[in-house]
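User: Please take me through the sheet, the empty spaces and a few individual residues of this model, with the reasoning set out for each answer.

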Amino acid sequence: MKKFFGYLHLWLGLISGLVVFIVAITGCIYAFQAEIQEFTQPYRRVEVQEKPLLPPSKLATIADEALPNKHLHAVMYETADRAARAIYYSFEEHYYYFVYINPYTGEVLKVKDEFADFFRWILDGHFYLWLPVEIGQPVVASFTLVFVFMLISGIVLWWPKKSKGVKKKFTLQWSGGWRRKNYDLHSVVGFYICWLGLVFALTGLVWGFEWYRDGMYSLLSGGKAFEAYSHPVSDSTQWQKADIPAIDKVWHKMRAEYPTAAWIEVHPPEFAHASIAANANPDASTYWQIDYRYFDQYTLEELSVSHQWGRLAEASATDKLFRMNYDIHVGAIAGLPGKVLAFLASLTIASLPVTGTLLWWGRRNKKNKKVPKKQKSIGKQKAPAQELVEV
């Protein structure tokens, strides 16, 4: 059995090593992207003023002038000392912009192309290996599945045959040569990190394969089918002229209900029957606690949804776990210590293909090393006792 797992581990490792390295090292770099951008982008902050904030309809008009002929996706307000953001996004036309605006004065602070950002480039490598989405996404997902088998086979190979050798399996031995050190870095460190590796891989597969996502959801929910995101519809027959834009009314309502929210985001309706989507997040460092709300754009009546992107209090245990998937994947679920752990774990996982390849290469060269001719001839000579017997 161990011989079989050895072959499996070796060849799967050689095949998937480069992809695992790229996905792990990009995940490592991306771990603190929010903190780095916060430190290097001063236009995210504004001076608090004793005056009311401009409503989303006004910010939308200002942003449209700064970035014409683009589709406004949402307007986001953060805390009092933060710039508001008008978010422009289109999957079909492939653009993604943030327009940073002072919510007190309406001054445009920055028009930022998110697709041109360094961390967006890193994220594209993590998700798609910088390939077209339709190619890169299934490739990364497939190799992530291979990585799961790699981790399982690695645990089988690491498992000690006898209790006598358990201590060595848990400790690094620095007394031997470079091959011994490299072996311990791969096997011992690999054992300690493989459990976090499984968490990263299994949470990543939720985005990689629909069959995996749907199967996991059904398994955890006791047979309930996963429901994709959908917008509830508005009743367009109830249209009537309003003195205040509906999106502003929804924003005022959300501010009253979530006075301490880290951010409030409102989405203008996409079409005549669409609803106004709004959400509020109490914690800017995570996403799972967001309350997603939907309102009829004509009557402002709140509309309910049955999928996981609704009010947090109405979400099932499985829905909450799936909401946590991203925060678990990046370590944010445990705050800053969790992100540090995710950073170190990703860096260590990136080293496993390197130490594994060196391990294979060292053994291969050792087996192919030729014995000197002089040593061979000595080996073929008869021993004195044998010569005496034959005589």
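The questions and answers below concern this structure, which is a predicted model.

User: In what order do the strands of the open sheet of 7 strands follow one another?
Analyst: The pairing in this open sheet is antiparallel, and the twist from one strand to the next averages 20°. Read across its 7 strands, the order is β4-β3-β2-β1-β5-β6-β7.

User: Which strands stand at the edges of the sheet, each with a single partner strand?
Analyst: A strand with a single partner has one side left without a neighbour in the sheet, so the edge positions can be read from the pairing. The two strands in that situation span residues 108-113 and 291-296, and they are β4 and β7.

User: Which residue in β4 is the bridge partner of Val-99?
Analyst: Strand β3 covers residues 95-101 and pairs with β4 in the antiparallel sense, over 5 bridges. Within β4, the residue that Val-99 has as its bridge partner is Val-111.

User: Which residue in β7 does Ala-278 stand opposite?
Analyst: Strand β6, which covers residues 275-281, runs antiparallel to β7 and is joined to it by 6 bridges. The strand β7 is mostly covered, with 5 of its 6 residues buried. Opposite Ala-278, the residue in β7 is Arg-293.

User: Which helix gives the most residues to the lining of the second largest pocket?
Analyst: This pocket has a volume of about 1000 Å³ and is lined by 35 residues, of which His-9, Leu-10, Leu-157, His-186 and Leu-359 lie nearest its centre. At least two lining residues come from each of α1 (2-30), α5 (133-158), α7 (178-208) and α12 (335-368). With 12 residues in the lining, the helix that gives the most is α1.

User: How many residues in the lining of the second largest pocket are nonpolar?
Analyst: The lining of the second largest pocket, 35 residues in total, can be divided by class. The polar class has 12 residues and the charged class has 5, while the number of nonpolar residues is 18.

User: What is the volume of the largest cavity?
Analyst: The count of cavities of 30 Å³ or more comes to 1. The lining of the largest cavity includes Tyr-217, Phe-226, His-307 and Asp-319, and by class it has 3 nonpolar, 3 polar and 3 charged residues. The volume of the largest cavity is about 50 Å³.

User: Is Gln-37 buried or exposed?
Analyst: Gln-37 is found in helix α2, residues 33-40, and its side chain is joined to that of Gln-33 by a polar contact of 2.6 Å. The relative accessible area of Gln-37 is 7%, and because a residue counts as buried under 20%, Gln-37 is buried.

User: Is Thr-237 exposed or buried?
Analyst: Thr-237 lies in the loop between α8 (210-221) and α9 (246-257), where a polar contact of 2.5 Å joins its side chain to that of Asp-235. The relative accessible area of Thr-237 is 63%, and because exposed means over 50%, Thr-237 is exposed.

User: What distance separates the C-alpha atoms of Thr-237 and Leu-12?
Analyst: Along the chain, Thr-237 and Leu-12 are 225 residues apart. In the predicted model, the separation of their C-alpha atoms is 60 Å.

Note on methods:
Residues are numbered from 1 along each chain as its sequence is written. This is a predicted model: local features need pLDDT of at least 70, side-chain atom pairs count only at pLDDT 80 or more; totals for chains, interfaces and linings use all residues. Side-chain values use heavy atoms; hydrogens and water are left out. Two strands pair if DSSP finds at least two bridges between them. Helices (H or I, at least four residues) and strands (E, at least two) are DSSP runs, numbered from the N terminus. Axes are lines fitted to C-alpha atoms, for helices over the stretch in contact, and angles run from 0 to 180 degrees between N-to-C directions. On a 1 Å grid over the protein atoms alone, a cavity is a set of points where a 1.4 Å probe fits but cannot get out, and a pocket is an open set with protein on both sides within 12 Å along at least five of seven lines; lining residues have an atom within 4 Å of a point. Grid points are joined across faces, edges and corners, and a volume is the space filled by probe spheres set on the points. Ala, Val, Leu, Ile, Met, Phe, Trp, Tyr, Cys and Pro count as nonpolar, Asp, Glu, Lys and Arg as charged, and the others, Gly among them, as polar. Buried means under 20% relative accessible area, exposed over 50%, partly exposed in between (1.4 Å probe, protein chains only). A polar contact is a pair of N or O atoms within 3.5 Å; within protein, one must be able to donate a hydrogen and the other to accept it, and residues adjacent in sequence count only if both atoms are side-chain atoms.
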